[in-house]
Amino acid sequence: MEQMSLFDYQEVESPLASRLRPENLDEFAGQKHLVGEGKVLRRLIDEDKISSMIFWGPPGVGKTTLASIIAERTHADFVNFSAVTSGIKEIREVMVKAETARRSGLKTLVFVDEIHRFNKAQQDAFLPYVEKGSIILIGATTENPSFEINAALLSRCKVFVLQALTEEDLTELLKRALKSRKGFGYLEVEISDSLLEAIARFANGDARTALNTLEMAVNNGEITREKTIVTREILEQCISRKSLLYDKKGEEHYNLISALHKSMRNSDPDGAVYWLARMLEAGEDPLYVARRLIRFASEDVGMADPAALSLTVAAYQACHFLGMPECNVNLAQAVIYLSLAPRSNSAYKAYEAAKADALNMLSEPVPLVIRNAPTGLMKDLDYGQGYVYAHDTKEKIARIQCLPDSLVGKAYYQPTREGEEGKAADRLSWAKSFRERSLENEE
């Protein structure tokens, strides 16, 4: 093994995520939609044609790293601001220097990390200098710029959306960390690909979390004369959870979501909450669970309790706003509600029955009476002829044919009497009876 210098040892003492920070776009992980060959942000950086912009994305996806790469590539003076420690006084001092530089033909690029933490007055301090071109502003934020950045400032910036890194991106990054001299290339580290993939899953799109987890695992690995060994047990201790046993793409993932779904269907809130906890504590994405609950609300509860759909959509939004672990109680509330709600799968069955006919009869013509007639030619062809606007009738219902001729009389929706669906059943029965009576009177 190559002998390390004193400088190398000093470098190794800094955090792994800091040591591995990319110095150019070729080393940058993820965001191929922005910095891949030929993509717009890549061209702007390569050609040093940066304009004011906002980087919006979750933590650990490369916002600050991109700014650092731009700092290395640009011919402008680069000023790094922190929205946590800088006030209006510091902003104005930098702006005065930038204006002086502009008059001398020099550009100033100002990077503001966590720009959403600046209040309106602080953000307004940048505006005149951005407008005059005294500075090029680059802001990084984890919050929606539409809500957190002044409209006037935002309108003068291009927003680039950075996405959470994929598990494949993170796994590749971890492998590079093990080989690079800036990472653990000076060590012989034994860690299986399955554990690297588990770290990538645990990191949930965050490169910093992935590298910090790997660093902790290696630093606590079993040291022999030849190498450092990272075992599953060591990794589980480092992250304090059993997420490594849970593969979001494997059989266990589908077994657990099936158990949750069937426990709710069987009106067993205890079983449902247990399987929910098993999934969340193992590292499952809460938004995935929330999406499954939204499906359940329509497939299994449906018209028996229409409010179930609104509640589950609200639970999804709560998960998006709060994240784990805070959103676990929002999901628990939704799971308990769905478990005890009245049951109806009539909407599911209605769609499946209609789908079967639709797939077998794709060319059935739309009845003329309910066709749109925006042109004179269409009206001449009897499009919309005989259509009656239901709101113009006393009963708010018209006797017009809405199914193709070959499907007249089909009844896809078969309501139950469960919960609120009894009212829908009564309304449907009345509507059908009204249309039949109207037809008899015409005859």
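Here is a walk through this structure, from its strands to a few single residues and then its pockets. Keep in mind as you look that this is a predicted model.

Let's begin with strand S4, which covers residues 136–141. Six of its six residues are buried, so S4 is largely enclosed by the rest of the structure. If you follow the side chains along S4, you'll see them alternate: Ile136, Ile138 and Ala140 point one way, while Leu137, Gly139 and Thr141 point the other way. Whichever way they point, all of these residues are buried.

Which strands pair with S4? One of them is strand S1 (residues 53–56), which runs parallel to S4 and is joined to S4 by four bridges. To find the spot on screen, look for Trp56, which sits opposite Thr141 of S4. Another partner is strand S3, made of residues 108–113, and here five bridges hold a parallel pairing with S4. Two handy markers help you line these strands up: Val112 stands opposite Gly139 in S4, and Phe111 has Ile138 of S4 as its bridge partner.

Now stay with S3 for a moment. S3 is mostly covered too, with five of its six residues buried. S3 also pairs with strand S2 (residues 77–82), again in parallel, through six bridges. Across that pairing, Val79 faces Val110 in S3. And if you trace the chain from S3 through helix H7 (residues 120–132) and on to S4, you have followed a right-handed β-α-β unit.

There's another sheet to look at, an open one of three strands. Its order is S6-S8-S7, and its pairing is mixed. Strand S6 (189–190) and strand S7 (222–223) are at the edges with a single partner strand each, so one side of each has no neighbour in the sheet. S6 and strand S8 (residues 228–229) run parallel and are joined by two bridges. In that pairing, Val189 lies opposite Thr228 of S8.

Next, a few individual residues among the helices. Thr213 belongs to helix H12, which spans residues 207–219. Is Thr213 buried or exposed? Its relative accessibility is 7%, so Thr213 counts as buried. What does Thr213 touch, once you set aside neighbours within four places in sequence? The answer is Ile199, Phe202, Leu235 and Ile239.

That last contact, Ile239, is worth a visit of its own. You'll find Ile239 in helix H13 (residues 232–239), and it is buried as well, with a relative accessible area of 10%. For a sense of how the chain spreads out, compare Ile239 with Arg437: the two are 198 residues apart along the chain, and their C-alpha atoms are separated by 70 Å.

Leu260 is another one to pick out, this time in helix H14 (residues 251–265). With a relative accessible area of 1%, Leu260 is buried. Beyond residues up to four places away in sequence, Leu260 touches Ala272, Trp275, Leu276, Met279, Val289, Leu293 and Val335. As for Gly271, it comes 11 residues away from Leu260 in sequence, with 7.4 Å between the two C-alpha atoms.

Finally, let's turn to the empty space. Rolling a probe the size of a water molecule over the atoms shows where such space is left. The largest pocket holds about 1300 Å³. It is lined by 38 residues, and those closest to its centre are Pro58, Pro59, Asn204, His320 and Gly323. Which helices each supply at least two residues of this lining? They are helix H10 (167–179), helix H11 (193–203), helix H16 (286–301) and helix H17 (307–322). Sorted by class, the lining of the largest pocket has 20 nonpolar, 10 polar and eight charged residues.

The second largest pocket comes in at about 770 Å³. Its lining is made of 18 residues, with Ile400, Cys402, Leu403, Gly409 and Arg435 nearest the centre. Here the classes come to 11 nonpolar, two polar and five charged residues.

Definitions and conventions. Residues are numbered from 1 along each chain as its sequence is written. This is a predicted model: local features need pLDDT of at least 70, side-chain atom pairs count only at pLDDT 80 or more; totals for chains, interfaces and linings use all residues. Side-chain values use heavy atoms; hydrogens and water are left out. On a 1 Å grid over the protein atoms alone, a cavity is a set of points where a 1.4 Å probe fits but cannot get out, and a pocket is an open set with protein on both sides within 12 Å along at least five of seven lines; lining residues have an atom within 4 Å of a point. Grid points are joined across faces, edges and corners, and a volume is the space filled by probe spheres set on the points. Ala, Val, Leu, Ile, Met, Phe, Trp, Tyr, Cys and Pro count as nonpolar, Asp, Glu, Lys and Arg as charged, and the others, Gly among them, as polar. Two strands pair if DSSP finds at least two bridges between them. Buried means under 20% relative accessible area, exposed over 50%, partly exposed in between (1.4 Å probe, protein chains only). A crossover is right-handed if, with the strands pointing away from the viewer, the path from the first strand over the helix to the second runs clockwise. Contact means heavy atoms within 4.5 Å.
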